[in-house]
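Biologist: I should like to learn how the features of a two-chain model are read, one after another. Could we begin with the overall form and then proceed to single residues?

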Amino acid sequence: MSKEKFDYFIKGEKGKYEVVIGLEVHAQVLSKSKLFSGSSTKFGANPNNQVSLIDSAFPGMLPVINEECVKQAVRTGLGLNAKINNYSVFDRKNYFYADLPQGYQISQYKNPIVGEGKVLLDMPYGPKEIGIERLHLEQDAGKSIHDMDPSNTYVDLNRSGIALMEIVSKPDLRSPDEVNAYIKKLRSIMRYLGTCDGNMQEGSLRADVNVSVRKEGDTNFGTRCEIKNVNSIKFMQMAIEYEAARQVELIENGKKIDQETRLFDTKKNETRSMRSKEDAHDYRYFPDPDLLPLKLEQKLIDDLKKSLPELPDKKKERFVKEYGLNTYEANVLVSEKEISDYYEEVAKLSDKKLAATWMMGDLFAMLNDRGLDISKSPISAKHFAELVQAIKSGEISGRIAKEVFEIMVESGDNPKKIIESKGMKQQSDPKELEKMINEILSKNKDKVDQYKAGKEKLFGFFVGQVMKLSGGKANPQLTNEILKKLLKG
Amino acid sequence: MADITNQSLNEIIENVKTKKVSSSELTKAYIKNIEGAKKLNAFVTTTFDLALDKSKKFDNKPNFDQLLPGIPLAVKDLFCTENTKTTAGSNILNNFIPSYESTVTKNLWDNGSFLLGKLNCDEFAMGSSNETSYYGNVINPVGDQLVPGGSSGGSSSALAADLTPATIGTDTGGSIRQPASFTGTVGLKPTYGLCSRWGIVAFASSLDQAGPMTKTIKDCAIMLEAMSGFDEKDSTSINKKKEQYSKNLKDNIKGLKIGIPKEYRVDNMPKEVDVLWEKGKKILKDLGAQLIDISLPHTKYALPTYYIVAPAEASSNLARYDGVRYGYRSKQGKDLIEMYEKTRSEGFGDEVKRRILIGTYVLSSGYYDAYYLKAQKVRQLIKKDFDDSFKNIDAILTPSTPSSAFKIGEKKNDPVSMYLNDIFTVPVNLAGLPALSMPAGVDNKGQPLGLQLIGKALDEQKILNIGYAFEKNCGFKNEIKKWWS
């Protein structure tokens, strides 16, 4: 792989600036019910149809921890190579808002369930490790809908109380590309673990982005701004670019950066001040007296560790070793668990290297065109493997394979049936081919003479004629060999 | 039969079981008493139709094996009751009708009783005189100028006036024991976690505990047995086997060691309280118990600690009353913030606002360590004082309150003097221990006074036994003339 050099700096009048980024990712825990109540977490229900008395904070209602959510957080922590804390505490974060029924969010403040960990990124300039500061469990808030009525705000509490994992990175990210890779890696790990579906459209994965800048070579951090609640990688990248440029401009003009919370306006592509440090909420955190501290038995943690699936980093290593793929191919094929599963099924039944090439080429292009996940692929892994084997064995040429592939997509038929019924089998009988080639050569005596006189470019013309006559089915390799032999003669 | 209500719960249960009185007759008698006692203002809501209906159903198909067969009960208006308005003594819940039943009241109903009405209390259980209720102050049957104590003042008043055969209250800093002391009745605050908090309007979650209020110790044992029990819906509920407190009640206390803490002799305590305490010690000693002087050195920090911890939790617990989903909402207010401000200004009374402000202050950044965190540390020390003492003793005897019932209005504008009323009861809540207040005598005005028995965690049976023995030998009789009817 070509080693590029890291080169993301903001160029100012007075020098180059490095951008320092830290992310607080909010990942919705994959669980049937909410963090402290039995209400369903299913996406897309009618407003306020998945709300219990606890979620809507009726008098006298008490939270009871959902053990599955705790396990999911531990699994995620293990997936991030992080320290799992046997003792953690749920705190109340107090503030008023119409979609926060309790008047506080139950979160973890001083004692989170997961401590420090790390995530490995594959960047074009080499591997890069991103530190994880912590992961804690907390409740999601409801949703305020301001645009349904000119004078009223509507509140939907379906989301209220759903478990979130807040994953806080260290300020180790240095460019929008690294942010992209980091989010994708987190998402991939959580999807492998089955702890978060990573669906950004449905809001299952959102992030607060902390950005600061400093002169290249400086070791102290600059003053940071926090951009709240950005819900797509593209918007994160745009927000970082805008924000870094804004901060550099302030510095270059001799102005100070205020530590503040900002919003990213996706329509205007700019960040805007939401509240300054002075107006920052005083959340009055204190341990929730309705809940006992969360104590985890080491055995539970060990058992969860044993039951973890193979994660992308490990799988990548194995793909390189076992299937002879290069790191780029392995990286792509392990990025999603479903893709790696598909690949392994194909690789079991066909040529491993050729399977990777065809998957990453035609199959991905087709899925992409149709906006399909691999789990919805119109071609099953078994059929795809048969196609790869047909190419490998020389039964069909690559060109014909593309046609077979198209028919497979439309019909769902297996490639053998298509090749046979359409007579697409490659002509690989040397006698038949020789007969065909002799016929062409005798019809084009003038061209043969010209070729023999040194016009070697004409070789392509003969190949074309063979293909034309065979309906594209002539084995190209054999055709080349026989043509050369006969033209010499 | 003369008066079927002027008896203990235990006697009434016997009368029902032996068919001397039917559940309907009993219910009608209480309804009559309640209708004649409006002056006391003990009830916020009555549920006579429901009670009559349930009593008839019981009489048609009686089950005498239950703990509370066909017994009508009024309960503090802090317990959420299904389809019956639950106000917590506040304007902000003036129109609130729960769709659910608190675990504790459900336990009572499951044992054969039914609801007679909801009893007045200090707003959100914040008060020691029942004067902070939005529904007016409650009068002590002991005297028409006297407070019934608080916050379970409606409960103590109704019980002493024969408006309910027994009742339940909640105790965060003394809200069961102090009103019991003021009305010559028995009140028990169980070990934290013995009774479920599910469905009880929360004041201070780490201190709140429901408990029985009754005329006798035996009644107290019956009620505790009926209302307590593990509840998976309350994460702080203790998972243990249910006990049969009434069946196991014994009056032999020979050899038990009773601790007498020197720190409970406070300045300016009326002489009668001291005399009463001495009387109590003598009775227990005569019954064969051994008195042991003990020290609980951090007692003096209990009240300030309580008035940091309780308001802190309250400020957060009461944030949900915002006018958005249920309860009172101000009609004014141009935007969300203004709606909050008006709703909470109009919905809460002064004492509640005072505690929300104190609680918000002590949790604020910059003050948290100095107040809340320090209070939590002191709380541990107070608990340790008790733990250390209980290595050598079985129970602790103290006065319940520093005085008998005071006059209505006397302390209303002096919150600190009002808070001082909880001085003997508050340490127990901070330590999560069980404590019983039992009537022990009267002061020179003839007003009842109580003594407090504090037990080890989950040692309810032992303090009930001591109380049972004490009661038999104390000779106290609650002389309440029904001046209001």
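**Reading the two chains**

Modeller: Among contacts in chain B between residues at least 6 apart in sequence, 76% join residues at least 24 apart. The corresponding share in chain A is 68%. Please keep in mind that this is a predicted model.

Biologist: How many helices and strands does chain B have, and what does its radius of gyration say about compactness?

Modeller: The general idea is to set the radius of gyration against the value that the globule rule gives for a chain of that length. Chain B has 15 helices and 11 strands. Its radius of gyration is 21 Å, close to the 23 Å given by the globule rule for 485 residues, so chain B is as compact as a globular protein of that length. Along the principal axes, the C-alpha atoms of chain B fill a box of roughly 65 × 55 × 45 Å.

Biologist: What radius of gyration does chain A have, and what would a compact globule of 489 residues have?

Modeller: Chain A has 30 Å, whereas a compact globule of 489 residues would be near 23 Å. The C-alpha trace of chain A spans about 95 × 55 × 50 Å along its principal axes. Its secondary structure comprises 15 helices and 16 strands.

Biologist: Which domains does the assignment give for chain A?

Modeller: Chain A is assigned domain 1 (9–305), domain 2 (310–421) and domain 3 (430–488). Between the centres of domain 2 and domain 3 of chain A, taken over C-alpha atoms, there are 34 Å.

**Surface and charge**

Biologist: What share of each chain is buried, and how much surface does each expose?

Modeller: A residue counts as buried when its relative accessible area is under 20%. In chain B, 64% of the 485 residues are buried; in chain A, 51% of the 489 residues are. Chain B exposes about 17,900 Å², with carbon and sulfur atoms supplying 50% of that area. For chain A the accessible surface is about 24,100 Å², and carbon and sulfur atoms hold 49% of it.

Biologist: Where do the centres of positive and negative charge lie relative to each other in chain A and in chain B?

Modeller: One takes the mean position of each set and then the distance between the two. In chain A, the centres of the 77 positive and 74 negative side chains lie 4 Å apart. In chain B, the mean positions of the 62 positive and 55 negative charges are 2 Å apart.

**Backbone features**

Biologist: Which backbone values deserve attention in chain B?

Modeller: Most residues other than glycine have a negative phi, and most peptide bonds are trans. Asn83(B) has a phi near 65°, a positive value in a residue other than glycine. Ala88(B), also not a glycine, has a positive phi of about 55°. Asn83(B) lies in the loop between strand S2 (72–76) and helix H4 (103–110) of chain B, and Ala88(B) is found in the loop between S2 and H4 as well.

Biologist: Is Asn83(B) buried or exposed, and is Ala88(B) buried or exposed?

Modeller: Asn83(B) is exposed because its relative accessible area is 60%, and exposed means over 50%. Ala88(B), at 0% relative accessibility, counts as buried.

Biologist: Which peptide bond is cis?

Modeller: The bond from Gly150(B) to Ser151(B) is cis, with omega near 5°. Ser151(B) belongs to the loop between strand S3 (114–119) and helix H5 (153–160) of chain B.

**Buried residues and their contacts**

Biologist: Where is Tyr182(A) placed, and which residues does it touch?

Modeller: Sequence neighbours are set aside when contacts of this kind are listed. Tyr182(A) is in helix H2 (residues 176–193) of chain A and is buried, with a relative accessible area of 0%. Beyond four places in sequence, its contacts include Leu23(A), Val25(A), Ile130(A) and Ile167(A). Lys128(A) is 54 residues from Tyr182(A) in sequence and 9.9 Å away in space, C-alpha to C-alpha.

Biologist: Why does Gln447(B) count as buried?

Modeller: Gln447(B) counts as buried because its relative accessibility is 9%, which is under 20%. Gln447(B) is in the loop between strand S10 (435–442) and strand S11 (448–455) of chain B. Its contacts, not counting residues up to four places away, include Val142(B), Leu146(B) and Ser404(B).

Notes:
Residues are numbered from 1 along each chain as its sequence is written. Chains are lettered from A and ligands numbered from 1 in the order in which they are written. This is a predicted model: local features need pLDDT of at least 70, side-chain atom pairs count only at pLDDT 80 or more; totals for chains, interfaces and linings use all residues. Side-chain values use heavy atoms; hydrogens and water are left out. Domain bounds come from an automatic or database domain assignment. Helices (H or I, at least four residues) and strands (E, at least two) are DSSP runs, numbered from the N terminus. Buried means under 20% relative accessible area, exposed over 50%, partly exposed in between (1.4 Å probe, protein chains only). The radius of gyration is taken over C-alpha atoms; the globule rule is 2.2 Å times the number of residues to the power 0.38. Contact means heavy atoms within 4.5 Å. Accessible areas come from the Shrake-Rupley method with a 1.4 Å probe; for residues, only the protein chains shown count as cover. Lys and Arg count as positive and Asp and Glu as negative; His and the chain ends are not counted. The place of a charge is taken as NZ of Lys, CZ of Arg, CG of Asp or CD of Glu.
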